[in-house]
Amino acid sequence: HISSKPPPTPSPLRSAKFFQANMRILVTGGAGFIGSHLVDKLMQNEKNEVIVADNYFTGSKDNLKKWIGHPRFELIRHDVTEPLLIEVDQIYHLACPASPIFYKYNPVKTIKTNVIGTLNMLGLAKRVGARILLTSTSEVYGDPLIHPQDESYWGNVNPIGVRSCYDEGKRVAETLMFDYHRQHGIEIRIARIFNTYGPRMNIDDGRVVSNFIAQAIRSEPLTVQAPGTQTRSFCYVSDMVDGLIRLMEGDNTGPINIGNPGEFTMLELAETVKELINPAVEIIMVENTPDDPRQRKPDITKAKELLGWEPKIKLRDGLPLMEDDFRTRLEVPRKI
Ligand code: NAD
Ligand code: UDP
Ligand code: UDP
(Lines give C-alpha, C1' and ligand atoms only; values in the text may rest on other atoms or scores of the structure.)
(Ligands and ions follow the chains in the order given, each with its own letter.)
Protein backbone atom coordinates (compact mmCIF):
# COMPACT_ATOMS: atom_id res chain seq x y z
CA HIS A 1 0.00 0.00 0.00
CA ILE A 2 1.45 3.34 -1.04
CA SER A 3 0.07 6.33 0.78
CA SER A 4 -0.72 9.34 -1.33
CA LYS A 5 -0.49 11.62 1.67
CA PRO A 6 2.60 13.82 1.89
CA PRO A 7 4.97 12.84 4.68
CA PRO A 8 4.27 14.69 7.93
CA THR A 9 6.20 17.91 8.41
CA PRO A 10 9.03 17.14 10.84
CA SER A 11 8.68 18.74 14.22
CA PRO A 12 11.25 21.51 14.61
CA LEU A 13 12.60 19.60 17.62
CA ARG A 14 13.37 16.62 15.38
CA SER A 15 15.06 18.57 12.66
CA ALA A 16 18.77 18.08 12.05
CA LYS A 17 19.48 21.39 13.75
CA PHE A 18 18.35 19.98 17.09
CA PHE A 19 19.92 16.55 16.64
CA GLN A 20 23.32 17.76 15.57
CA ALA A 21 26.26 15.88 16.99
CA ASN A 22 28.30 19.06 17.16
CA MET A 23 30.25 19.73 20.32
CA ARG A 24 29.64 23.26 21.63
CA ILE A 25 32.81 24.44 23.31
CA LEU A 26 33.20 27.60 25.37
CA VAL A 27 36.72 29.03 25.63
CA THR A 28 36.95 31.80 28.24
CA GLY A 29 40.00 33.98 27.64
CA GLY A 30 40.01 32.71 24.05
CA ALA A 31 41.24 36.06 22.68
CA GLY A 32 44.49 35.68 24.62
CA PHE A 33 47.78 34.01 23.78
CA ILE A 34 47.14 30.33 24.67
CA GLY A 35 43.38 30.65 24.20
CA SER A 36 43.60 31.79 20.58
CA HIS A 37 45.94 28.91 19.67
CA LEU A 38 43.52 26.54 21.39
CA VAL A 39 40.66 28.01 19.34
CA ASP A 40 42.67 27.50 16.11
CA LYS A 41 43.12 23.82 16.98
CA LEU A 42 39.50 23.25 18.08
CA MET A 43 38.18 24.95 14.91
CA GLN A 44 40.12 22.43 12.77
CA ASN A 45 37.58 19.81 13.86
CA GLU A 46 34.42 20.36 11.82
CA LYS A 47 32.27 18.87 14.57
CA ASN A 48 33.20 21.67 16.99
CA GLU A 49 31.34 24.92 17.50
CA VAL A 50 33.52 27.34 19.41
CA ILE A 51 32.28 30.22 21.55
CA VAL A 52 34.84 32.63 22.99
CA ALA A 53 34.00 34.82 25.99
CA ASP A 54 36.63 37.47 26.67
CA ASN A 55 36.74 41.01 28.12
CA TYR A 56 39.85 41.91 26.03
CA PHE A 57 41.86 42.98 29.10
CA THR A 58 45.01 41.32 27.81
CA GLY A 59 43.62 39.59 24.73
CA SER A 60 42.66 40.97 21.37
CA LYS A 61 40.20 40.34 18.53
CA ASP A 62 43.22 40.40 16.24
CA ASN A 63 44.24 36.98 17.61
CA LEU A 64 40.93 35.56 16.35
CA LYS A 65 40.45 37.57 13.18
CA LYS A 66 40.57 34.54 10.88
CA TRP A 67 37.51 33.05 12.64
CA ILE A 68 35.29 36.12 12.98
CA GLY A 69 32.27 35.53 10.72
CA HIS A 70 32.84 31.75 10.51
CA PRO A 71 29.52 29.85 10.95
CA ARG A 72 30.94 27.58 13.67
CA PHE A 73 32.49 30.47 15.62
CA GLU A 74 31.07 33.08 18.00
CA LEU A 75 32.83 35.83 19.94
CA ILE A 76 31.23 37.40 23.03
CA ARG A 77 32.56 40.44 24.90
CA HIS A 78 32.02 39.20 28.41
CA ASP A 79 33.66 39.51 31.81
CA VAL A 80 33.63 36.15 33.63
CA THR A 81 33.09 37.88 36.98
CA GLU A 82 29.51 38.36 35.72
CA PRO A 83 27.13 35.38 35.28
CA LEU A 84 26.97 33.85 31.80
CA LEU A 85 23.87 31.99 30.61
CA ILE A 86 24.56 29.92 27.49
CA GLU A 87 24.28 26.25 26.47
CA VAL A 88 27.56 24.36 25.96
CA ASP A 89 29.03 20.86 26.27
CA GLN A 90 32.59 21.74 27.28
CA ILE A 91 34.25 24.73 28.94
CA TYR A 92 37.94 25.55 28.66
CA HIS A 93 38.27 28.18 31.40
CA LEU A 94 41.39 30.26 30.68
CA ALA A 95 40.18 33.80 31.41
CA CYS A 96 42.75 35.44 33.69
CA PRO A 97 45.68 37.77 33.02
CA ALA A 98 48.79 35.57 33.10
CA SER A 99 51.74 37.93 33.11
CA PRO A 100 52.86 39.58 36.37
CA ILE A 101 52.68 43.14 34.92
CA PHE A 102 49.02 42.66 34.05
CA TYR A 103 47.87 40.62 37.03
CA LYS A 104 49.54 43.04 39.46
CA TYR A 105 48.01 46.07 37.66
CA ASN A 106 44.63 45.54 39.35
CA PRO A 107 45.17 42.75 41.90
CA VAL A 108 41.63 42.93 43.30
CA LYS A 109 40.25 42.38 39.81
CA THR A 110 42.68 39.48 39.31
CA ILE A 111 41.52 37.64 42.41
CA LYS A 112 37.86 38.34 41.51
CA THR A 113 38.51 36.87 38.07
CA ASN A 114 40.05 33.76 39.62
CA VAL A 115 37.46 33.25 42.34
CA ILE A 116 34.15 34.73 41.12
CA GLY A 117 34.99 33.98 37.47
CA THR A 118 35.69 30.31 38.22
CA LEU A 119 32.59 30.10 40.46
CA ASN A 120 30.44 31.42 37.61
CA MET A 121 31.90 28.98 35.09
CA LEU A 122 31.30 26.12 37.56
CA GLY A 123 27.72 27.33 38.05
CA LEU A 124 27.32 27.28 34.27
CA ALA A 125 28.88 23.79 34.04
CA LYS A 126 26.49 22.58 36.75
CA ARG A 127 23.40 24.06 35.09
CA VAL A 128 24.10 22.60 31.63
CA GLY A 129 26.04 19.46 32.62
CA ALA A 130 29.22 20.55 30.83
CA ARG A 131 32.74 19.28 31.48
CA ILE A 132 35.05 22.10 32.60
CA LEU A 133 38.84 22.43 32.36
CA LEU A 134 40.71 25.04 34.44
CA THR A 135 44.09 26.34 33.35
CA SER A 136 45.83 26.54 36.70
CA THR A 137 49.49 27.33 36.97
CA SER A 138 52.86 26.15 38.23
CA GLU A 139 52.66 29.25 40.47
CA VAL A 140 50.48 27.18 42.85
CA TYR A 141 53.83 25.62 43.88
CA GLY A 142 55.09 29.12 44.82
CA ASP A 143 58.82 29.26 45.49
CA PRO A 144 59.09 25.47 45.54
CA LEU A 145 61.04 23.60 48.21
CA ILE A 146 61.15 20.40 46.16
CA HIS A 147 62.53 20.08 42.66
CA PRO A 148 61.25 19.18 40.10
CA GLN A 149 57.63 19.76 41.13
CA ASP A 150 55.15 16.92 40.90
CA GLU A 151 51.41 17.24 41.46
CA SER A 152 51.49 15.87 45.01
CA TYR A 153 53.56 18.86 46.21
CA TRP A 154 51.37 21.35 48.14
CA GLY A 155 53.52 24.35 47.40
CA ASN A 156 55.28 27.18 49.21
CA VAL A 157 53.17 30.25 48.55
CA ASN A 158 53.16 33.64 50.24
CA PRO A 159 49.48 34.38 51.00
CA ILE A 160 49.95 38.16 51.35
CA GLY A 161 52.54 38.98 48.67
CA VAL A 162 52.16 40.94 45.44
CA ARG A 163 51.77 37.70 43.44
CA SER A 164 49.11 36.27 45.78
CA CYS A 165 46.16 37.63 43.78
CA TYR A 166 47.32 35.28 41.03
CA ASP A 167 48.80 32.24 42.78
CA GLU A 168 46.43 32.13 45.76
CA GLY A 169 43.62 33.00 43.32
CA LYS A 170 44.43 29.93 41.23
CA ARG A 171 44.69 27.80 44.38
CA VAL A 172 41.14 28.84 45.38
CA ALA A 173 40.00 28.20 41.80
CA GLU A 174 41.38 24.63 42.09
CA THR A 175 39.59 24.24 45.46
CA LEU A 176 36.30 25.39 43.92
CA MET A 177 36.74 22.94 41.04
CA PHE A 178 37.17 19.99 43.43
CA ASP A 179 34.33 21.11 45.71
CA TYR A 180 31.91 21.33 42.74
CA HIS A 181 33.19 17.92 41.62
CA ARG A 182 32.67 16.29 45.02
CA GLN A 183 29.48 18.13 45.98
CA HIS A 184 27.69 18.40 42.63
CA GLY A 185 29.34 15.69 40.50
CA ILE A 186 30.67 18.18 37.92
CA GLU A 187 33.19 16.68 35.48
CA ILE A 188 36.39 18.65 36.05
CA ARG A 189 39.89 18.78 34.56
CA ILE A 190 42.76 20.81 36.03
CA ALA A 191 45.94 21.61 34.09
CA ARG A 192 48.89 23.13 35.93
CA ILE A 193 50.55 25.06 33.15
CA PHE A 194 54.26 25.87 33.25
CA ASN A 195 55.79 28.83 31.34
CA THR A 196 54.56 28.79 27.77
CA TYR A 197 55.85 30.76 24.78
CA GLY A 198 55.10 31.25 21.10
CA PRO A 199 53.66 33.64 18.51
CA ARG A 200 50.97 36.12 19.76
CA MET A 201 52.52 36.57 23.20
CA ASN A 202 51.90 40.15 24.29
CA ILE A 203 54.99 42.08 23.22
CA ASP A 204 55.15 44.37 26.24
CA ASP A 205 53.89 42.07 28.96
CA GLY A 206 57.29 41.81 30.64
CA ARG A 207 57.56 38.03 30.37
CA VAL A 208 61.07 36.86 29.81
CA VAL A 209 60.75 35.19 26.39
CA SER A 210 58.72 38.02 24.83
CA ASN A 211 61.07 40.59 26.40
CA PHE A 212 64.25 38.95 25.09
CA ILE A 213 62.87 38.36 21.57
CA ALA A 214 61.54 41.93 21.29
CA GLN A 215 64.82 43.32 22.66
CA ALA A 216 66.90 41.22 20.24
CA ILE A 217 64.79 42.36 17.28
CA ARG A 218 64.97 46.02 18.35
CA SER A 219 68.76 45.63 18.95
CA GLU A 220 68.30 46.62 22.60
CA PRO A 221 70.23 44.94 25.46
CA LEU A 222 68.68 41.72 26.81
CA THR A 223 67.68 42.45 30.42
CA VAL A 224 68.53 39.48 32.65
CA GLN A 225 67.04 40.03 36.10
CA ALA A 226 69.50 39.27 38.92
CA PRO A 227 70.91 36.84 39.73
CA GLY A 228 70.26 35.24 36.30
CA THR A 229 70.80 31.76 37.74
CA GLN A 230 67.07 31.35 38.45
CA THR A 231 65.59 28.68 36.19
CA ARG A 232 62.41 28.18 34.18
CA SER A 233 61.16 25.49 31.77
CA PHE A 234 59.52 26.73 28.57
CA CYS A 235 56.83 24.92 26.60
CA TYR A 236 55.98 25.81 23.01
CA VAL A 237 52.33 26.79 22.62
CA SER A 238 51.32 24.04 20.14
CA ASP A 239 52.56 21.39 22.59
CA MET A 240 50.59 23.11 25.36
CA VAL A 241 47.38 23.13 23.31
CA ASP A 242 47.77 19.40 22.51
CA GLY A 243 48.21 18.68 26.22
CA LEU A 244 45.10 20.68 27.19
CA ILE A 245 42.92 18.91 24.60
CA ARG A 246 44.19 15.47 25.67
CA LEU A 247 43.41 16.32 29.29
CA MET A 248 39.90 17.51 28.40
CA GLU A 249 39.18 14.41 26.30
CA GLY A 250 40.72 11.92 28.78
CA ASP A 251 39.34 10.38 31.97
CA ASN A 252 41.53 12.05 34.59
CA THR A 253 40.49 15.04 36.66
CA GLY A 254 44.10 16.07 37.32
CA PRO A 255 45.66 18.25 38.51
CA ILE A 256 48.22 17.39 35.85
CA ASN A 257 51.39 19.35 35.10
CA ILE A 258 51.62 20.42 31.46
CA GLY A 259 54.98 21.88 30.59
CA ASN A 260 58.35 21.21 29.06
CA PRO A 261 60.89 19.75 31.52
CA GLY A 262 63.88 21.27 29.68
CA GLU A 263 65.28 23.65 32.33
CA PHE A 264 67.31 26.80 31.61
CA THR A 265 68.78 29.63 33.64
CA MET A 266 67.77 33.11 32.50
CA LEU A 267 71.38 33.73 31.50
CA GLU A 268 71.31 30.62 29.28
CA LEU A 269 68.02 31.78 27.75
CA ALA A 270 69.55 35.20 26.98
CA GLU A 271 72.59 33.56 25.36
CA THR A 272 70.33 31.34 23.24
CA VAL A 273 68.14 34.23 22.05
CA LYS A 274 71.28 36.25 21.26
CA GLU A 275 72.75 33.39 19.22
CA LEU A 276 69.53 32.62 17.32
CA ILE A 277 68.07 36.09 16.72
CA ASN A 278 70.76 38.78 17.00
CA PRO A 279 74.39 37.85 17.79
CA ALA A 280 75.34 41.55 18.01
CA VAL A 281 73.08 42.30 20.97
CA GLU A 282 74.38 42.97 24.52
CA ILE A 283 73.26 41.09 27.68
CA ILE A 284 72.90 43.20 30.85
CA MET A 285 71.96 42.42 34.48
CA VAL A 286 69.06 44.40 36.00
CA GLU A 287 67.21 44.37 39.35
CA ASN A 288 64.65 41.63 40.02
CA THR A 289 61.07 41.88 41.37
CA PRO A 290 59.96 40.53 44.81
CA ASP A 291 59.02 36.87 45.37
CA ASP A 292 60.62 35.66 42.13
CA PRO A 293 60.75 31.83 42.28
CA ARG A 294 64.38 30.62 42.06
CA GLN A 295 63.72 27.47 40.10
CA ARG A 296 60.90 25.77 38.29
CA LYS A 297 60.70 22.55 36.30
CA PRO A 298 57.71 20.28 35.83
CA ASP A 299 57.69 16.59 36.64
CA ILE A 300 55.54 15.37 33.74
CA THR A 301 55.43 11.66 34.64
CA LYS A 302 51.65 11.90 35.17
CA ALA A 303 51.01 13.61 31.81
CA LYS A 304 53.11 10.94 30.07
CA GLU A 305 51.39 8.03 31.80
CA LEU A 306 47.81 9.28 31.96
CA LEU A 307 47.57 11.38 28.79
CA GLY A 308 50.29 9.84 26.62
CA TRP A 309 51.55 13.40 26.21
CA GLU A 310 54.97 14.95 26.16
CA PRO A 311 56.24 18.09 24.47
CA LYS A 312 57.85 17.75 21.04
CA ILE A 313 59.37 21.18 20.40
CA LYS A 314 62.74 22.05 21.94
CA LEU A 315 63.48 25.62 23.01
CA ARG A 316 66.07 26.10 20.27
CA ASP A 317 63.48 25.10 17.65
CA GLY A 318 60.58 27.05 19.17
CA LEU A 319 62.25 30.45 19.65
CA PRO A 320 62.86 31.06 15.91
CA LEU A 321 59.17 30.28 15.25
CA MET A 322 58.27 33.50 17.10
CA GLU A 323 60.54 35.76 15.14
CA ASP A 324 58.35 36.47 12.10
CA ASP A 325 55.27 37.24 14.21
CA PHE A 326 57.27 39.60 16.46
CA ARG A 327 58.98 41.30 13.50
CA THR A 328 55.61 41.93 11.85
CA ARG A 329 54.08 43.42 14.99
CA LEU A 330 57.22 45.44 15.84
CA GLU A 331 57.52 46.54 12.20
CA VAL A 332 61.20 45.60 12.08
CA PRO A 333 61.76 43.55 8.89
CA ARG A 334 64.61 41.04 8.61
CA LYS A 335 67.82 42.48 7.12
CA ILE A 336 68.59 40.80 3.83
P1 NAD B 1 46.61 36.03 28.20
O2 NAD B 1 46.68 37.19 29.11
O3 NAD B 1 47.18 36.15 26.84
O4 NAD B 1 45.10 35.51 28.05
C5 NAD B 1 44.14 35.65 29.06
C6 NAD B 1 42.82 36.06 28.40
O7 NAD B 1 41.81 36.19 29.42
C8 NAD B 1 42.91 37.41 27.69
O9 NAD B 1 42.34 37.32 26.41
C10 NAD B 1 42.12 38.34 28.61
O11 NAD B 1 41.54 39.43 27.91
C12 NAD B 1 41.10 37.40 29.20
N13 NAD B 1 40.56 37.84 30.49
C14 NAD B 1 41.24 38.28 31.57
N15 NAD B 1 40.39 38.58 32.56
C16 NAD B 1 39.14 38.31 32.11
C17 NAD B 1 37.84 38.42 32.65
N18 NAD B 1 37.63 38.88 33.91
N19 NAD B 1 36.78 38.06 31.88
C20 NAD B 1 36.95 37.61 30.62
N21 NAD B 1 38.16 37.49 30.04
C22 NAD B 1 39.24 37.84 30.78
O23 NAD B 1 47.29 34.80 28.98
P24 NAD B 1 47.69 33.35 28.50
O25 NAD B 1 49.16 33.26 28.58
O26 NAD B 1 47.02 33.00 27.23
O27 NAD B 1 47.09 32.48 29.69
C28 NAD B 1 45.88 31.76 29.57
C29 NAD B 1 45.63 30.95 30.83
O30 NAD B 1 46.73 30.08 31.08
C31 NAD B 1 45.47 31.80 32.09
O32 NAD B 1 44.46 31.23 32.89
C33 NAD B 1 46.80 31.67 32.78
O34 NAD B 1 46.68 31.82 34.17
C35 NAD B 1 47.21 30.26 32.39
N36 NAD B 1 48.68 30.10 32.42
C37 NAD B 1 49.48 30.65 31.45
C38 NAD B 1 50.86 30.48 31.52
C39 NAD B 1 51.78 31.05 30.46
O40 NAD B 1 53.00 30.83 30.54
N41 NAD B 1 51.31 31.73 29.46
C42 NAD B 1 51.43 29.78 32.59
C43 NAD B 1 50.58 29.25 33.57
C44 NAD B 1 49.21 29.41 33.47
N1 UDP C 1 26.01 30.92 36.95
C2 UDP C 1 26.31 31.35 35.67
N3 UDP C 1 25.75 30.71 34.61
C4 UDP C 1 24.88 29.68 34.75
C5 UDP C 1 24.59 29.24 36.07
C6 UDP C 1 25.17 29.87 37.14
O7 UDP C 1 27.11 32.28 35.46
O8 UDP C 1 24.41 29.16 33.74
C9 UDP C 1 26.62 31.59 38.10
C10 UDP C 1 25.60 32.05 39.13
O11 UDP C 1 25.26 33.40 38.86
C12 UDP C 1 26.32 31.90 40.45
C13 UDP C 1 27.46 30.94 40.18
O14 UDP C 1 27.43 30.66 38.78
O15 UDP C 1 26.87 33.14 40.87
C16 UDP C 1 27.36 29.67 40.96
O17 UDP C 1 26.17 29.01 40.58
P18 UDP C 1 25.52 27.87 41.46
O19 UDP C 1 24.24 27.48 40.82
O20 UDP C 1 26.50 26.82 41.73
O21 UDP C 1 25.31 28.59 42.87
P22 UDP C 1 24.14 29.53 43.41
O23 UDP C 1 23.59 30.33 42.26
O24 UDP C 1 23.17 28.56 43.95
O25 UDP C 1 24.84 30.35 44.42
N1 UDP D 1 63.17 37.82 33.67
C2 UDP D 1 64.36 38.33 33.19
N3 UDP D 1 64.31 39.38 32.32
C4 UDP D 1 63.16 39.93 31.89
C5 UDP D 1 61.93 39.41 32.39
C6 UDP D 1 61.99 38.36 33.27
O7 UDP D 1 65.44 37.85 33.53
O8 UDP D 1 63.21 40.87 31.09
C9 UDP D 1 63.20 36.66 34.59
C10 UDP D 1 62.39 36.80 35.87
O11 UDP D 1 63.15 37.36 36.90
C12 UDP D 1 62.02 35.36 36.18
C13 UDP D 1 62.00 34.67 34.82
O14 UDP D 1 62.63 35.57 33.91
O15 UDP D 1 63.03 34.76 36.95
C16 UDP D 1 60.61 34.36 34.29
O17 UDP D 1 59.81 35.53 34.41
P18 UDP D 1 58.39 35.65 33.72
O19 UDP D 1 57.79 36.92 34.20
O20 UDP D 1 58.52 35.43 32.26
O21 UDP D 1 57.57 34.40 34.27
P22 UDP D 1 57.27 33.83 35.73
O23 UDP D 1 58.08 34.57 36.74
O24 UDP D 1 55.80 34.00 35.89
O25 UDP D 1 57.69 32.40 35.63
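Where is Pro255 in this structure? Let us work towards that, and a few other places, one exercise at a time.

Residues are numbered from 1 along each chain as its sequence is written, and chains are lettered from A and ligands numbered from 1 in the order in which they are written. This is a predicted model, in which local features need pLDDT of at least 70 and side-chain atom pairs count only at pLDDT 80 or more, while totals for chains, interfaces and linings use all residues.

**Exercise 1. Place Pro255 and Pro148, and describe the peptide bond before each.**

Step 1: Pro255 belongs to the loop between α6 and β11. Helices (H or I, at least four residues) and strands (E, at least two) are DSSP runs, numbered from the N terminus.

Step 2: Gly254 is joined to Pro255 by a cis peptide bond, with omega about 5°.

Step 3: Pro148 sits in the loop between β5 and α4 (164-184). The bond from His147 to Pro148 is also cis, and its omega is near -10°.

Step 4: For background, most residues other than glycine have a negative phi, and most peptide bonds are trans.

**Exercise 2. Work out the strand order of the open sheet and find its edges.**

Step 1: Seven strands take the order β3-β2-β1-β4-β5-β6-β11, with parallel pairing. Two strands pair if DSSP finds at least two bridges between them.

Step 2: β3 (73-77) and β11 (256-258) are the edge strands, each pairing on one side only.

Step 3: On average, and with direction ignored, neighbouring strands are turned by 20° against each other. Axes here are lines fitted to C-alpha atoms, for helices over the stretch in contact, and angles run from 0 to 180 degrees between N-to-C directions.

Step 4: Now check two pairs. β2 (residues 48-54) runs parallel to β3 and is joined to it by five bridges; one of the partnerships links Ile51 to Glu74 in β3. β5 and β6 pair in the parallel sense over six bridges, and Thr137 has Ile193 of β6 as its bridge partner.

**Exercise 3. Which helices lie across β1 and β4?**

Step 1: Helix α1 (residues 33-43) lies across β1 (23-28), β2, β3 and β4 (90-93), at about 165° to β2.

Step 2: Helix α3 (residues 107-128) lies across β1, β4 and β5 (131-137), at about 170° to β4. Contact between two residues requires their C-beta atoms, placed from the backbone, to lie within 7 Å.

**Exercise 4. Why is β6 described as largely enclosed?**

Step 1: A residue is buried if 20 or more other C-beta atoms lie within 10 Å of its own, exposed if 12 or fewer, and partly exposed in between, with C-beta atoms placed from the backbone.

Step 2: Six of the six residues of β6 (residues 188-193) are buried, so the rest of the structure largely encloses this strand.

Step 3: Both faces are covered, with Ile188, Ile190 and Arg192 buried on one side and Arg189, Ala191 and Ile193 buried on the other. In a regular strand the side chains alternate between the two faces of the sheet.

**Exercise 5. Compare the shells around ligands 1 and 3.**

Step 1: Around ligand 1 there are 28 residues, of which Gly29, Gly32, Thr58, Gly59 and Ala98 come nearest. A residue is near a molecule or strand if its C-beta atom, placed from the backbone, lies within 6 Å of it.

Step 2: α1 gives the largest share of that shell, three residues.

Step 3: Ligand 3 is surrounded by 14 residues, and the closest are Arg207, Val208, Asn211, Gln225 and Met266. Here β8 gives the most, with three residues.

**Exercise 6. Tyr56 and Arg200 both have positive phi: which is buried and which is exposed?**

Step 1: Tyr56, in the loop between β2 and β3, has phi near 60°. Arg200, in the loop between β7 (196-197) and α5, has phi near 75°.

Step 2: Tyr56 is exposed, with 11 other C-beta atoms within 10 Å, whereas Arg200 counts as buried, with 22 C-beta neighbours inside 10 Å.
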